[in-house]
Amino acid sequence: MAMLGSALMGGLMSHSDAEKVFRPWWDAIEDFVIYGLIMLGLIVSPTTIFNGTPLYCTLCTQPGQCGSAPNTTTDPGYHIYFVKSYCTHKALGKFTLYFPYILLISALILVGIERLFKKVFKTNIQVEGFYSLLLTSKKIDGVDGEDMNMEDTVHTVEVRQSFNHSSSFFPSYLVRTIFEFIFGLLLTFYMLFTGIGELINWNTLNLQDISVDDLVDLKMDNLRVFCDVHGDFYECAGVPTQFYLYVLIIALVLLLVYLLTTFITIIWLLCPCNSKLAKFMTSYRSQLESAAIAQGADTSSRVLLGELHDIYYENRDLRLLLDLLSVSSGLASPIRVMALLDKEFCKQCKPNIAAVERSNLIVNGESDITLEFSESSMARNIFSQMDALSCLYTVQILPRTDKDSMEV
C-alpha cells in the first residue's frame with residue numbers, strides 16, 4: 001500500500017531540481033497533506049461499499065425493532081441479495097458509499113490546481129531561468145565579476161530582461177494559493193457536516209440529531225440503518241462506521257493543517273515585509289540612508305539602491321523568487337544572486353583589500369603570501385547583526401596552482 005502511494009506521489013507530485021529549490025516549508029507540508037489523503041483513500045478503498053456491499057439485513061418483525069417504523073408480520077418474500085443491494089443505495093448516504101473515492105479525488109484536485117496554474121501561467125520558464133542564475137552565481141563564486149566569461153554575462157542579462165517583460169509568477173502563486181484555500185475550506189465543511197452526519201446518524205443523515213447515545217452506540221459498533229423496501233422495513237448493519245469515522249477525523253485534521261498553511265501563505269504573499277530577505281533589505285537601505293543623510297544627498301529608495309531597487313522592489317516575480325529562496329535555502333543564496341545582478345551591491349559585499357605581500361623566503365619552491373583586508377561596511381553593520389547569517393571569507397589564487405589554491 002505504501003509503495004503504491006509512493007508511486008502515485010512520484011508520478012503526480014514530482015518536482016524538477018529548480019522547483020525544489022524554491023519550495024518553502026509550507027509547500028512541503030501541503031505535499032505531506034496530499035500524500036496523507038492519498039494514503040487514507042488507499043487504506044479504505046478495499047471497503048468500498050458499492051463494489052461489494054457489507055450490509056446484512058433482516059425483516060423487522062418485532063415491535064420497536066426498527067424504531068418508530070412499523071413492524072411486518074408476514075415475510076414479503078424479497079430475495080436477500082435484492083434487499084442488500086436495494087438498501088445499500090437507498091438507505092446509505094452518498095458520502096458513505098463513495099468515501100474512499102472522495103479522499104482520492106480530493107487529493108487529485110489539490111494536485112491538479114497546482115499543475116493547472118503552472119501550465120496556464122508557464123511559471124516553470126521563470127523558475128528554470130532564475131535557477132540558472134543561482135547555478136551561475138555558484139559557479140563564479142570567489143571569482144571577480146570582471147573575470148566572468150561572456151556566455152555567463154549574456155545569459156544573466158537575458159534572464160534579467162525576461163522578468164522585465166512578463167509578470168506571471170507572483171499572480172500565479174497568489175491565485176493558485178487562494179483557489180487551494182477555497183477548495184480546502186469547502187472540502188473541510190463537506191466532510192465535517194455531511195460526513196459526520198452520515199457516519200453517526202444514518203437514519204436522518206442530520207448532524208443536529210446526533211446525541212450522546214449515538215456516540216456511545218458508535219463506540220460499541222452498534223449502529224443500525226432502517227430501510228424501507230416497498231413498505232416493508234428491514235434492519236441492516238455491517239458498514240465499518242467506526243473505521244470510517246476515525247479515518248474521516250484524520251482527514252479533517254490534515255485538511256485543517258492544509259488550510260492553516262495556505263492561509264499563512266496568502267498573508268505572507270500580501271505582506272512580505274516579515275521575510276528574512278525583506279528584513280535584510282530594510283537594514284541595508286537604512287544603512288545607505290544614514291550615510292546619505294550625513295552627506296546631505298538624496299535619500300530616495302531608487303537613488304540609494306540603484307538597480308537593486310528595480311530588482312527587489314519593482315519586480316514582484318523576482319522579489320517572490322528571492323524571498324522563496326531565502327525561506328528554503330537561507331540568506332546566502334538570494335544575496336549571491338542579487339550580487340550577480342547588481343554590480344554595485346556586489347562591491348558593497350566584498351571586503352576591502354589593504355595589502356598583499358609575498359614573502360621573499362622560498363623553501364622547496366614555496367613561499368607565503370600575506371593578505372590584509374578589512375570588512376565591508378555591509379558585513380560590519382548589517383551581516384554581523386543578523387543571527388541567521390554568518391560570513392566566511394575565502395582567498396583564491398588565480399590561475400590555480402599545482403596544489404590547493406583556496407584558503408578559508
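**Figure 1. Met281, a buried residue in a helix.** With a relative accessible area of 0%, Met281 is buried in this model, which is a predicted one. For a reader finding their way around, the place to look is helix α12, residues 276-295, where Met281 is found. A second residue to pick out in this view is Leu308, 27 residues away from Met281 along the chain. The C-alpha atoms of Met281 and Leu308 are separated by 9.6 Å.

**Figure 2. A three-stranded open sheet.** Let us turn to the strands. Strands of a sheet pair through backbone hydrogen bonds, either parallel or antiparallel. Here 3 strands form an open sheet, and following it across gives the order β1-β3-β2. The pairing is antiparallel. Because β1 and β2 stand at the edges with a single partner strand each, one side of each is left without a neighbour in the sheet. From one strand to the next, the twist averages 35°.

**Figure 3. Where β2 meets β3.** This view stays with the sheet and moves in on one pair of strands. β2 and β3 are joined over 5 bridges, in the antiparallel sense. A handy pair of residues for getting your bearings is Asp228 and Phe233: Asp228 stands opposite Phe233, which belongs to β3.

**Figure 4. The disulfide of Cys57 and Cys236.** A disulfide is a covalent bond between the sulfur atoms of two cysteines. The whole structure holds 3 disulfides, and this view shows the one that joins Cys57 to Cys236, with an S to S distance of 2.0 Å. The torsion about its S-S bond is about 110°, so the disulfide of Cys57 and Cys236 is right-handed. Cys57 lies in strand β1 (residues 56-59) and Cys236 in strand β3 (residues 232-237), so the pair ties together parts that are 179 residues apart in sequence. Are these two cysteines, Cys57 and Cys236, buried or exposed? Both Cys57 and Cys236 are buried.

**Figure 5. The disulfide of Cys87 and Cys227.** In this view the sulfur atoms of Cys87 and Cys227 lie 2.2 Å apart and form a disulfide. The link of Cys87 and Cys227 is left-handed, with -95° about the S-S bond. Distant parts of the chain are linked here: Cys87 sits in helix α4 (residues 80-90) and Cys227 in strand β2 (residues 225-229), 140 residues apart. Both cysteines of this pair, Cys87 and Cys227, are buried.

**Figure 6. Cys60 and Cys66, with Cys271 for contrast.** Another disulfide joins Cys60 to Cys66, at an S to S distance of 1.5 Å. Cys60 has 1% relative accessibility and counts as buried. Cys66, at 2% relative accessibility, counts as buried too. Cys271, on the other hand, counts as partly exposed, because its relative accessibility is 43% and the partly exposed range runs between 20% and 50%. Counting the bonded cysteines along the chain, the disulfides follow the pattern 1-6, 2-3, 4-5.

**Figure 7. The largest cavity.** Now for the empty spaces inside the model. Rolling a probe the size of a water molecule over the atoms shows where empty space is left. How many cavities of 30 Å³ or more are there? The count comes to 2. The largest cavity has a volume of about 180 Å³. Its lining is made up of 13 residues, and Lys118, Val127, Phe169, Tyr173 and Arg176 lie nearest its centre. At least two lining residues come from each of α7 (123-139) and α9 (169-200). The largest share, 4 residues, is the contribution of α9. By character, the lining of the largest cavity divides into 5 nonpolar, 3 polar and 5 charged residues.

**Figure 8. The second largest cavity.** About 40 Å³ of space lies in the second largest cavity. Which residues line the second largest cavity? They are Arg23, Asp27, Glu30, Asp31, Ile34, Glu114, Arg176, Glu180 and Tyr258. Two elements, α3 (25-44) and α9, give two or more residues to this lining. The largest share of the lining of the second largest cavity comes from α3, with 4 residues. This lining divides into 7 charged residues, 2 nonpolar and no polar. Arg176 appears in this lining and is also among the residues nearest the centre of the largest cavity.

Definitions and conventions
Residues are numbered from 1 along each chain as its sequence is written. This is a predicted model: local features need pLDDT of at least 70, side-chain atom pairs count only at pLDDT 80 or more; totals for chains, interfaces and linings use all residues. Side-chain values use heavy atoms; hydrogens and water are left out. On a 1 Å grid over the protein atoms alone, a cavity is a set of points where a 1.4 Å probe fits but cannot get out, and a pocket is an open set with protein on both sides within 12 Å along at least five of seven lines; lining residues have an atom within 4 Å of a point. Grid points are joined across faces, edges and corners, and a volume is the space filled by probe spheres set on the points. Ala, Val, Leu, Ile, Met, Phe, Trp, Tyr, Cys and Pro count as nonpolar, Asp, Glu, Lys and Arg as charged, and the others, Gly among them, as polar. A disulfide is a pair of cysteine sulfur atoms within 2.5 Å. Buried means under 20% relative accessible area, exposed over 50%, partly exposed in between (1.4 Å probe, protein chains only). Two strands pair if DSSP finds at least two bridges between them. Axes are lines fitted to C-alpha atoms, for helices over the stretch in contact, and angles run from 0 to 180 degrees between N-to-C directions.
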